[in-house]
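Biologist: Could you take one part of this model and walk me through it closely? I'd like the sheet and whatever packs on it, and then the surroundings, in one go.

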Amino acid sequence: MLPTLWLSLSSVLIFHSQTRMLQVRSIKTPRRQPSLTMCGTLEAFSGASMATISCHLLFLNTPRSHPYSHQPHAKPLSHGRPQFQSRIRAKPTSASFIKAQAEAQKEEIVIVGAGIGGLATALSLHRLGLRSLVLEQAESLRTGGTSLTLFKNGWRVLDAIGIGNDLRGQFLEIEGMVVKSEEGRELRSFRFKDEDESQEVRAVERRILLETLANQLPPGVVHFSSKLANIERTENGEIILELVDGTRLFTKILIGCDGIRSSVAKWMGFSEPRYVGHCTFRGLGFYPEGQPFEPKVNYIYGRGLRAGYVPVSRTKVYWFICFNRPSPGPKISDSFVLKNQAKELVKNWPSDLMKIIDLTPDDTVIRTPLVDRWLWPAISPAASDGRAVLVGDAWHPMTPNLGQGACCALEDAVVLARKLANAIKSETESVEGALRSYGTERWPRVFPLTIRANVVGSALQWENPVVCSLRNNLIIPKIVRLGPLLEHTNFECKSL
């Protein structure tokens, strides 16, 4: 079958390119890295391609994981921000360590990044009786972006940390999905409950999710305008952080939740995420009198181009357009230009999509290059290095084709918090061992999902007319089954 042949060839090519880019590095080797890059965030969109791969997926079977601001509550760490070249330094000498100890503010746990992973980790630790400090480089919560889709594994985590019901009432439950061709012909439809009675799917506004997480934290936990400049490891394994304003923090545990361009991941020896050859436009259509759509995900597949839309609430509809591009291209900040570019791509597609885009406020339209990082065993660094550890996109950025980026970040948060709390409260278990255990448990979960999301997305971006015809007339209508494509949403999570 063509998909099987394509998969085998693409896997070999991707493995070859990855192994050339990545280096095997000892976690004990001092690190000297170039200037830090701006942290980014990759929002997940639900399963934009679940309905196009055969029921067995042929290539991977993801194992299940096991159980086991608003700004009144946040403040800038300090004022005045002199600019200087950001850098990452290796271990300091004993003299510099002694001086740093005397000058640095001391914190038990520092989390870098107040995105979904960072705030969920802080809240999970808080529920378990542990205080943390969250450093966010922006001046407020980064509530830009549009929407993300959470499946039942994400909702189980939100229930475990006590905010699931706060969010459910604000967003529609999505009953199923419809797949159409670019001409508007329906290829297949599914109901989620028919495949899995326990399934729960909702599109959630990123802004509201972040604010809900932040509002559950004690005052003073999140500090804004706190951009990381330097990381130093002391001789006894503890960590000194320096911010661009000169503030120094001394911490026993560092948790990197700073997104796909993570400075903490770079310091730990991780490669930059790899561009996968596609970009996506996203937006949030606004219907002040109420949107007219059924609570279903709607996908439209063309040649080298796909789109989708899903109702979020009574008045808002999320949409996306994914298109092939050999390089990410220049960054465009003019939202009016972005909106017109998006409309030009689908100008001859079903009118519902064009109307949603027309009703989208310009300032909600974004364009994002899709990237991921494959965590090859024995090649990629571990999730933790001593008392430093990564969560979410900082560790395992993945493409949004399965809608699992945010869900996996939420899973990471509760698993890490439990292990860390047990270690801190135990007289026998070490923190380093707990962080290693977290990485050992989470890697078999996130690595296969990253590959699967990449392959599914690449298959849906085919431009070959023969392959696209087979997809639309055989694979989707007659072969694909939704149930096996939702197995990765099984995740057990007890309340914290």
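Modeller: Sure, here is the sheet, then the helices lying across it, then a few other spots. Keep in mind that this is a predicted model.

Let's start with the sheet. Seven strands make up an open sheet with mixed pairing, in the order β6-β5-β13-β14-β15-β12-β16. The edge positions belong to β6 (186-191) and β16 (366-372); each has a single partner strand, so one side of each is left without a neighbour in the sheet. From one strand to the next, the twist averages 20°. Inside that order, β14 (residues 305-311) and β15 (residues 316-324) run antiparallel and are joined by seven bridges. If you want a spot to click on there, try Y309, which stands opposite W319 in β15.

Now for the helices on the sheet. Helix α12 (residues 431-460) lies across β12 (274-286), β13 (296-301), β14 and β16, and it runs at about 80° to β12. Helix α13 (residues 465-479) lies across β5 (176-181), β6 and β13, running at about 15° to β6. So which strand do both helices lie across? β13 is on the list for α12, and β13 is on the list for α13 too.

α12 deserves a longer look. Its 30 residues reach 43 Å from the first C-alpha to the last, close to the 44 Å expected at 1.5 Å a residue. Even with that span, α12 has a kink of about 40° at W443, shortly before the proline P444. The helix is also mostly covered, with 23 of its 30 residues buried.

Away from that sheet, strands β9, β10 and β11 are worth following one after another. β9 (residues 228-233) pairs with β10 in the antiparallel sense over five bridges, and L228 has L243 in β10 as its bridge partner. The two strands form a hairpin with five residues between them, and G237 in the turn has a positive phi of about 90°. Going on, β10 pairs with β11 (residues 248-256), again in the antiparallel sense, over four bridges. In β11, R248 is the bridge partner of E242. The hairpin of β10 and β11 has four residues between the strands, and there G246 takes a positive phi near 95°.

β10 (residues 239-243) is mostly covered, with five of its five residues buried. The covering applies to both faces: I239, L241 and L243 are buried on one side, and I240 and E242 on the other. What does E242 have for polar company? Its side chain is joined to that of N230 by a polar contact of 3.0 Å. N230 lies in β9, and because its relative accessibility is 0%, N230 counts as buried. E242 therefore shows up as a buried residue of β10, as the bridge partner of R248 and as one end of the contact with N230.

Next comes helix α7 (residues 206-215). Eight of its ten residues are buried, so α7 is largely enclosed by the rest of the structure. Those residues are R206, I208, L209, L210, E211, T212, L213 and A214, and they pack against α3, β4 (147-150), α4 (152-160), α5 (164-168) and β7 (202-205).

One of those partners, α3 (residues 116-127), holds S124. With 0% relative accessibility, S124 counts as buried. Setting aside neighbours within four places in sequence, S124 is in contact with I161, A413, V414, A417 and L496.

Last stop: T489, in the segment after α13. T489 counts as buried because its relative accessibility is 0%. Where does N153 sit relative to T489? The two are 336 residues apart in sequence, but 5.2 Å apart in space, C-alpha to C-alpha. Not counting residues up to four places away in sequence, T489 touches F151, K152, N153, Q199 and Q404. Its side chain has a polar contact of 3.0 Å with the side chain of Q199. A polar atom of the T489 side chain also lies 2.6 Å from the backbone oxygen of L486.

Conventions:
Residues numbered from 1 in each chain as written. Predicted model: local features only at pLDDT ≥ 70, side-chain atom pairs only at ≥ 80, totals over all residues. Heavy atoms only, no water. Pairing = 2+ DSSP bridges. Axes fitted to C-alpha atoms, helices over the stretch in contact; angles between N-to-C directions. Contact = heavy atoms within 4.5 Å. Buried < 20%, exposed > 50% of the residue type's maximum accessible area, 1.4 Å probe, protein only. Polar contact = N/O pair within 3.5 Å; in protein donor to acceptor, adjacent residues only side chain to side chain. Expected span 1.5 Å × (residues − 1). Bend = angle between axes of the 7 residues up to and from the residue.
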